[in-house]
Amino acid sequence: MAVIVRAGAAPMVWLGVLAAAVGLVPEGLTGRRIGLYGGAALFLVAAAVVAVGRTGRYRELERTATRAARGDILQDRAVTVRNRRRDHRWWLLAAFAAAVGLSFAVPAAGGMLLAGAGTGLWLKARALGRRESAAEKLLWVRTDWVEGGRPAGARVKGYRTTGPAAGDAAPGGARRR
């Protein structure tokens, strides 16, 4: 389940960093210094909001998690990451274009906002991983319940659990080494 959260983090961070770098080229309406300070504030706010957003729903589903049955289909980590990134590629492209466009008004702020949202997703996945490690269980979402890559969406009725050695993902969605 944390794989779904973590899958969107890396593209958002890297596209945000690229948009912020491109955003430093034009002087903008506010100037580079104000743009960087504003971008840093947006980065911190976005990271905090995304990291703590919907944690109540995650904890509720985690509390009511049941052991995975034989009939449950649990996807491979690589398939989940590929599907999540493919489903959201146009959204990421639009966010990148908006961040670069915003840089003509406030240099680097849009890119830093996008990078902050990606950092928040990464922090959320890390927190989920710490809870998985503490409980010594991996949390999974049935593939037929995940709509649009939302691991805590309305269609998700509950999480499934397996032991920490199951699958190819480490707690928090990282690749098992």
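**Entry 1: Glu132**

I began with the charge partners of Glu132 in this predicted model, and I found no salt bridge for this residue although Glu132 is buried. The nearest side chain of opposite charge belongs to Arg131, and I noted its distance as 8.5 Å, whereas a salt bridge would need a side-chain nitrogen of Lys or Arg within 4 Å of a carboxyl oxygen. I then looked up the burial itself, and the relative accessible area of Glu132 came out at 4%.

Glu132 has its place in helix H7. Setting aside the neighbours within four places in sequence, I listed its contacts as Lys137, Leu138, Leu139, Pro171 and Gly172. I also checked Ala154, which lies 22 residues from Glu132 in sequence and 22 Å from Glu132 in space, taken C-alpha to C-alpha.

**Entry 2: the sheet**

I turned next to the strands, where I found an open sheet of three, ordered E1-E3-E2 and with mixed pairing. Strands E1 (66-67) and E2 (138-140) each have a single partner strand and stand at the edges, so one side of each has no neighbour in the sheet. I followed the pairing of E2 with E3 (residues 160-162), which is antiparallel and runs over three bridges; within it, Trp140 has Arg160 in E3 as its bridge partner.

**Entry 3: the nonpolar core and Tyr159**

Which residues touch the most other members of the largest nonpolar core? I found that they are Met1, Tyr58 and Tyr159, in a core of 20 residues. The elements that give two or more residues to this core are H1, H2 (9-23), H4 (55-63), H6 (89-102) and H7 (109-135), and H7 provides the largest share, with five residues. I set beside this the general tendency of nonpolar side chains in soluble globular proteins to be buried together.

For Tyr159 I looked up the contacts beyond four places in sequence, and among them are Met1 and Tyr58, together with Leu61, Glu62, Ala65 and Thr66. The list for Tyr159 also includes Leu139, Trp140, Val141, Pro151 and Ala152.

**Entry 4: helix H5**

Last, I asked which residues of helix H5 (residues 77-87) are buried. They are Arg77, Thr80, Val81 and Arg84, and they lie on the same side of H5, because they cover an arc of only 95° around the axis. I recalled here that an α-helix has 3.6 residues a turn, so residues three or four places apart point the same way. The partner against which the buried residues of H5 pack is helix H1 (2-7), and H1 is also one of the elements that give two or more residues to the largest nonpolar core.

How values were computed. Residues are numbered from 1 along each chain as its sequence is written. This is a predicted model: local features need pLDDT of at least 70, side-chain atom pairs count only at pLDDT 80 or more; totals for chains, interfaces and linings use all residues. Side-chain values use heavy atoms; hydrogens and water are left out. Two strands pair if DSSP finds at least two bridges between them. Helices (H or I, at least four residues) and strands (E, at least two) are DSSP runs, numbered from the N terminus. Buried means under 20% relative accessible area, exposed over 50%, partly exposed in between (1.4 Å probe, protein chains only). The arc is that of the directions from the helix axis to the C-beta atoms. Contact means heavy atoms within 4.5 Å. A nonpolar core is a set of buried Ala, Val, Leu, Ile, Met, Phe, Trp, Tyr and Cys residues joined through side-chain atoms within 4.5 Å. Lys and Arg count as positive and Asp and Glu as negative; His and the chain ends are not counted.
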